[in-house]
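Please work through the exercises below with the sequence and the model at hand, trying each task before reading its solution.

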Amino acid sequence: MASVLVSGGPGSGKSSVAEGLRLRHPGLQSIDSDYGLARWEDLEGTPVAMPACPSMEWLRCHRWQWIDEQLDQALKECDERSLVICGAAYNMADHLPRFDLLILLQIDATTMARRLAAPGRNNDWGKVGATLEWSFDLRRRQEAELVEAGAWRVDGRQPVEHVVAEITRISRSHGIDLADS
């Protein structure tokens with residue numbers, strides 16, 4: 001089977017897509033990497049807790065990193081069935097070659113700011129401390145990294161149902177049928 005990465009900057013819809021893919025393809029292993037596959041680390045790699053209101057200085061000295069062992073375990077499961085991981089991390093570039101297909105959810109800065117500020121959002125990223133300011137540069141860097149790696153681009157500003165349908169179509173065009181997982 002195959003492994004697909006759906007990624008993009010903050011507010012691009014990664015978590016919503018993970019859920020949307022699970023709903024559209026009930027047998028599909030669709031993981032939001034923010035839950036169990038990533039953590040905050042200092043520059044030496046020591047796990048740390050993010051403060052309630054991180055400053056720009058704190059954000060410059062810490063990284064949201066995928067945990068190698070957890071990612072390894074998740075990717076082993078795609079031996080049995082296809083796997084979609086939705087997420088991003090500072091060390092993402094180190095792991096891109098491990099995926100059979102890369103998909104980038106592209107959004108503009110205005111959409112990102114609006115989504116991150118949405119009252120119903122299930123996390124505080126973009127609402128506390130310097131996280132919104134940090135996100136503007138982070139979005140550009142992550143999108144450039146994925147484009148350079150050959151990711152297929154999807155307009156992440158569309159309703160989630162359209163984004164999920166486009167991801168399903170792109171996957172099929174690469175021989176990955178998410179419905180058969």
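The exercises that follow concern helix packing and buried strand residues in a predicted model.

**Exercise 1. The buried side of helix 1**

Task: Determine which residues of helix 1 are buried, how they are arranged around the axis, and what covers them.

Solution. Begin with the burial of individual residues: in helix 1, which spans residues 14-24, the buried positions are Lys14, Val17, Ala18, Gly20 and Leu21. Next consider their directions from the axis: because these residues cover an arc of only 170 degrees, they lie on the same side of helix 1. The spacing is understandable in general terms, since an α-helix has 3.6 residues a turn, so residues three or four places apart point the same way. Finally, look for what lies over these buried residues: the covering elements include strand 1 (3-7), strand 2 (29-32), strand 5 (83-86), strand 6 (101-106) and helix 7 (160-173).

**Exercise 2. Helix 1 against helix 7**

Task: Describe the geometry of the crossing between helix 1 and helix 7, and then the residues that form the contact.

Solution. The two axes, those of helix 1 and helix 7, come within 9 Å and cross at roughly 70 degrees. Angles from 65 to 115 degrees count as roughly perpendicular, and helix 1 and helix 7 are therefore placed in that class. As to handedness, the crossing of helix 1 and helix 7 is right-handed. On the helix 1 side the contact involves Ser16, Val17, Gly20, Leu21 and Arg24, which meet Val160, Glu161, Val163, Val164, Ala165, Ile167 and Thr168 of helix 7. Sorted by class, this contact of helix 1 with helix 7 comprises 7 nonpolar, 3 polar and 2 charged residues.

**Exercise 3. The two faces of helix 5**

Task: Establish which residues of helix 5 are buried and which exposed residues lie on the face turned away from them, and then characterise the packing of helix 5 with helix 6.

Solution. In helix 5 the buried residues are Thr111, Met112, Arg115 and Leu116. They share one side of helix 5, because the arc that they cover around the axis is only 125 degrees. The face turned away from this buried side carries the exposed residues Thr110, Arg114 and Ala117. The cover over the buried residues of helix 5 includes helix 6.

Turning to the geometry, the axes of helix 5 (residues 109-117) and helix 6 (residues 131-148) come within 11 Å and cross at roughly 140 degrees, so helix 5 is oblique to helix 6. Helix 5 passes helix 6 in a right-handed crossing. Ala109, Met112, Ala113 and Leu116 of helix 5 make the contact with Leu132, Ser135, Phe136 and Arg139 of helix 6. By class, the contact of helix 5 with helix 6 has 6 nonpolar, 1 polar and 1 charged residues.

**Exercise 4. Two leucines of strand 6**

Task: For Leu104 and then Leu105, decide whether the residue is buried or exposed, and identify its contacts beyond four places in sequence.

Solution. Leu104 is found in strand 6. Buried means under 20% relative accessible area, and Leu104, at 0% relative accessibility, therefore counts as buried. Beyond its neighbours within four places in sequence, Leu104 is in contact with Ser7, Gly8, Glu143, Leu146, Val147, Ala151, Trp152, Arg153 and Val154.

Leu105 also belongs to strand 6, and it too is buried, with a relative accessible area of 0%. With residues up to four places away in sequence set aside, Leu105 touches Val6, Ser7, Gly8, Ser12, Gly13, Lys14, Val17, Glu143, Val154, Gly156, Val163 and Ile167.

Technical notes. Residues are numbered from 1 along each chain as its sequence is written. This is a predicted model: local features need pLDDT of at least 70, side-chain atom pairs count only at pLDDT 80 or more; totals for chains, interfaces and linings use all residues. Side-chain values use heavy atoms; hydrogens and water are left out. Buried means under 20% relative accessible area, exposed over 50%, partly exposed in between (1.4 Å probe, protein chains only). Helices (H or I, at least four residues) and strands (E, at least two) are DSSP runs, numbered from the N terminus. The arc is that of the directions from the helix axis to the C-beta atoms. Contact means heavy atoms within 4.5 Å. Axes are lines fitted to C-alpha atoms, for helices over the stretch in contact, and angles run from 0 to 180 degrees between N-to-C directions. Angles under 35 degrees count as roughly parallel, over 145 as roughly antiparallel, 65 to 115 as roughly perpendicular and the rest as oblique. A crossing is left-handed if the near helix is turned anticlockwise from the far one by less than a right angle, and right-handed if clockwise. Ala, Val, Leu, Ile, Met, Phe, Trp, Tyr, Cys and Pro count as nonpolar, Asp, Glu, Lys and Arg as charged, and the others, Gly among them, as polar.
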